[in-house]
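User: Hi! I'm new to reading structures and would like to learn how such labels are justified. Could you walk me through some?

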Protein chains: 2
Amino acid sequence: MAMNVMQELGNYKKIVDSELEKFFDSKIEEIGDPDNPYSTVISFLKEYTLRGGKRIRPAFTYYGNLLFTEADSCLDDVIKASIAHELKQAYYLIHDDITDRSDERRGGPSMHKMLEEWYIQQNGISHEEARHQGMSMAIFAGDLANSFAYDTISQTGLAVVKKNAAIEILNNTDLDTLHGQVLDILSGIEPEMLTEDELLNIHLLKSAKYTIESPLQIGALLAGASKEQLKILSKYALPLGQAFQVQDDNLGLFGDEEKLGKPASSDLAEGKKTLLIIKALENAKHSEKRIINEYLGNPNITESMVKQVQDIVKSTGSLDYSVNLAKDLINESKEYLNQLENVNPEAKEFLEKFADYMLDRDY
Amino acid sequence: MAMNVMQELGNYKKIVDSELEKFFDSKIEEIGDPDNPYSTVISFLKEYTLRGGKRIRPAFTYYGNLLFTEADSCLDDVIKASIAHELKQAYYLIHDDITDRSDERRGGPSMHKMLEEWYIQQNGISHEEARHQGMSMAIFAGDLANSFAYDTISQTGLAVVKKNAAIEILNNTDLDTLHGQVLDILSGIEPEMLTEDELLNIHLLKSAKYTIESPLQIGALLAGASKEQLKILSKYALPLGQAFQVQDDNLGLFGDEEKLGKPASSDLAEGKKTLLIIKALENAKHSEKRIINEYLGNPNITESMVKQVQDIVKSTGSLDYSVNLAKDLINESKEYLNQLENVNPEAKEFLEKFADYMLDRDY
C-alpha cells in the first residue's frame with residue numbers, strides 16, 4: 001500500500017512532541033522552583049513550541065537518518081537531535097513575529113503577546129509598558145530557544161565528531177537563515193524592486209535551508225552518510241524548500257480559508273511580496289498595476305478588493321506561472337533522489353511522497 | 001617590574017581587534033557584494049563591535065590558555081577562539097539596548113539606533129516606521145553576532161574534541177546568561193522586592209559567567225587543563241565577576257563622571273537596582289526611603305537629588321558595605337588562585353593583578 005505522508009508525519013509528531021515535552025520539563029526541573037520567573041518563561045516556550053506545527057523538520061532528520069541505517073541503533077539520540085530544528089523554528093518565529101508585528105501564531109497569541117498579557121496581569125504596570133516588556137522578554141525567549149537547539153544536540157550521547165558536525169551544520173544554516181531574514185526585511189522597503197530571482201534566493205536562504213536541507217543532512221550525517229550523499233540530499237532539499245514557499249504563497253491567495261486557518265486577504269493585507277504579485281506586476285496593464293499597488297499592504301482590504309487582485313493574478317498568467325514553477329522545482333528535486341543508491345527504501349519513499357504532497361496539498 | 005594590567009589588556013586588545021576585523025571582512029568578502037543589505041548589516045556589526053571595549057573576555061581566554069602552556073603552540077587558534085566572547089558580548093549588548101531603550105553604547109549610537117538612522121536615510125519611510133524597522137533589524141544583527149560566536153570556534157583548526165567542548169561551554173554559559181537576563185528584567189517590576197542574594201545571583205548568572213568564567217575556561221581547556229583545574233578557575237572567576245559588577249555600581253554613583261563617560265545620575269535615572277540602593281533601603285529611615293523611591297527611575301533627576309541619594313547611601317553605611325563586599329569577593333577569588341600549581345607564572349600574575357585592579361580602578 002502506498003505510504004501516506006500525512007500519517008507518517010502524524011506518527012513522528014507524537015514522538016517529537018513527547019521529546020520536546022521531556023526536554024522542557026527537564027529544564028524546568030533543573031531550576032527547581034516552578035515559581036521562578038525563568039521557569040515561567042520556559043513554560044511559555046514549552047506551550048508555544050508544542051502548540052502546533054507538523055514537525056516537518058524533525059521528520060526530515062528522522063528520515064534522513066533512516067536513509068542510511070537498517071537497524072535503528074542510535075534512534076534515541078536521533079530523536080533528541082531531531083528536535084533541534086523545532087527549537088530553531090520557535091526562535092525564528094518568535095523574533096519574526098516581533099518584527100512583523102504579528103499577534104497570532106498557530107492559533108494562539110504570539111510569544112510577545114503572551115508575555116505582554118502576562119505582564120498586564122502583574123500589578124502596577126501600564127499597558128504601554130507591558131507591551132515593551134513583553135516584547136523584550138520575547139526577544140530573550142527566542143534567544144533561549146536558540147540556545148536550547150544547540151543544547152539538545154550536546155545532550156545526545158553521540159560521538160563527539162558527529163555532535164560537532166551537526167552543530168556546524170546547524171550554525172551554518174543559521175547564518176544563511178539570518179542572511180535571508182535581512183534580505184527579506186529590507187525587500188519590504190521597496191517591494192516593487194524585488195525580482196523573481198531575488199525572491200527565490202530569499203526562499204532558499206530563509207526557508208529551504210533550515211526547513212529541509214539542514215534537518216535532512218543532520219539526520220544523514222548521524223547515520224554516517226558520505227559527503228557525496230549529503231550533497232545529493234542538498235540538491236533534493238533546496239528546490240523542494242523553494243517550491244514549498246512558492247506553493248505556500250499560492251495557497252495563501254487561492255486556498256481554502258477554513259483549511260488554511262487564514263483568509264485570502266491575509267497575505268495581501270500584510271503586503272507580502274509573493275511570486276504571484278511580482279509576476280502579476282510584471283505583466284499587468286498600467287491600471288491593473290495601480291490596483292495591486294493600492295491594495296497590497298492595505299490592512300483594511302475588502303473581499304471585493306481581494307477578488308480584483310485574484311483576477312489580475314489569474315488573467316496575467318501569474319498563477320499558472322507560479323504553479324508551474326513549483327511543479328518544475330519539485331520535479332528537479334525528485335530527480336536528484338534517483339541518484340541515491342542502496343538506501344533504505346522506506347525513507348526514500350517518504351522523501352518522494354513528501355515532494356508529491358507539496359504539490360497536492362491544499363493547506 | 002610589576003605587571004601593568006591595563007597595559008597587558010591594551011596589548012592584547014590590538015591583537016583581538018585585528019582578529020575581529022579579519023573575521024568581519026572575511027564574512028563581507030564571502031558575500032561578494034558590498035552593496036548587498038546583508039553586507040551592510042555585517043559592516044554595522046563590525047563598526048559596533050570594534051568601537052570600544054577593553055576586550056577583557058578575549059584576554060581571559062588568552063591568559064587561561066597561557067596558564068597551561070609554555071610554548072604558544074596553537075596560538076592562532078586560541079586568538080580565533082578568544083573573539084567568541086566578544087561576539088557574544090555584542091549579541092547581548094545589542095538585545096539589551098533594545099530592551100533597556102538605550103540609544104547610546106560605547107560613545108556612539110546603539111545598534112537599533114544606527115539602523116533606525118540608516119532606515120531614515122532610505123526614501124519613503126516614516127520616522128515611526130524607521131524606529132520599528134531599525135529595532136527589527138537590530139534583533140537580527142544581535143542574532144547574527146551570536147551565530148558568529150559559534151562560527152569563530154568552528155573555524156579554528158583545533159581538534160574536534162576541543163572545539164566541541166568549547167562550544168558546549170559557550171552554550172551552557174549562554175543559558176546561564178539568559179537566565180540572568182530574565183531574572184534581571186523581571187526584577188524591574190518590583191525592585192523593592194529584590195534582595196541582596198537575588199542581586200548577587202543575577203550578577204553571577206548574567207555577568208560573572210560569560211565575562212570571566214567561560215572565556216577563562218575555554219582558554220584553559222584548549223591548553224588541555226584538567227577538570228579539576230577548570231573547577232579552580234571557576235572558583236576564581238565567579239566571585240571576581242560578582243565583585244566586578246558590585247564595583248561597577250559603586251563607581252556608577254560615586255565615580256568620576258569624566259573617567260566613567262557617564263554622569264552619577266545615570267544609574268539612578270535608569271532606576272538601576274544596585275546593592276547600594278538595596279542596602280540603603282534596608283537601613284534608611286522612612287523619610288530617606290521615600291526620597292530614594294521617588295528619585296530612582298526619575299529620568300529628570302537633578303544634581304541635588306543625586307547628592308541627596310549619595311548622602312543617604314553613605315550615612316546608612318551602604319557604600320561601605322558595598323565596597324567591603326567587593327573586597328571580600330576579590331580576596332575569596334584570589335585565594336583560589338593559590339590552588340593552581342605548576343602553571344605559567346606570567347598568566348597567574350595577570351589573574352592576580354586583574355583581581356587587584358578590580359578594586360583599584362576608578363573607571
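Analyst: Here we look at a buried residue, a helix and a contact between chains. This is a predicted model, where local features need pLDDT of at least 70, side-chain atom pairs count only at pLDDT 80 or more, and totals for chains, interfaces and linings use all residues. Residues are numbered from 1 along each chain as its sequence is written, while chains are lettered from A and ligands numbered from 1 in the order in which they are written.

User: Why is B:Ile218 called buried?

Analyst: A residue is buried if 20 or more other C-beta atoms, placed from the backbone, lie within 10 Å of its own, exposed if 12 or fewer, and partly exposed in between. B:Ile218 has 29 C-beta neighbours inside 10 Å, so it counts as buried.

User: Where does B:Ile218 sit, and which residues does B:Ile218 touch?

Analyst: B:Ile218 belongs to helix α9 of chain B; helices (H or I, at least four residues) and strands (E, at least two) are DSSP runs, numbered from the N terminus. Contact means C-beta atoms, placed from the backbone, within 7 Å. Leaving out residues up to four places away in sequence, B:Ile218 touches B:Thr61, B:Gly64, B:Ala81, B:Ala166, B:Ile169 and B:Leu170.

User: Which residues of helix α4 of chain B are buried?

Analyst: They are B:Val78, B:Ile79, B:Lys80, B:Ala81 and B:Ser82. Among the elements covering them are α1, α3 and α9 of chain B.

User: How many residues make the contact between the chains?

Analyst: Chain A gives 36 residues and chain B gives 36 residues. On the side of chain A, α8(A) gives the most, with 16 residues.

Methods. Contact = placed C-beta atoms within 7 Å.
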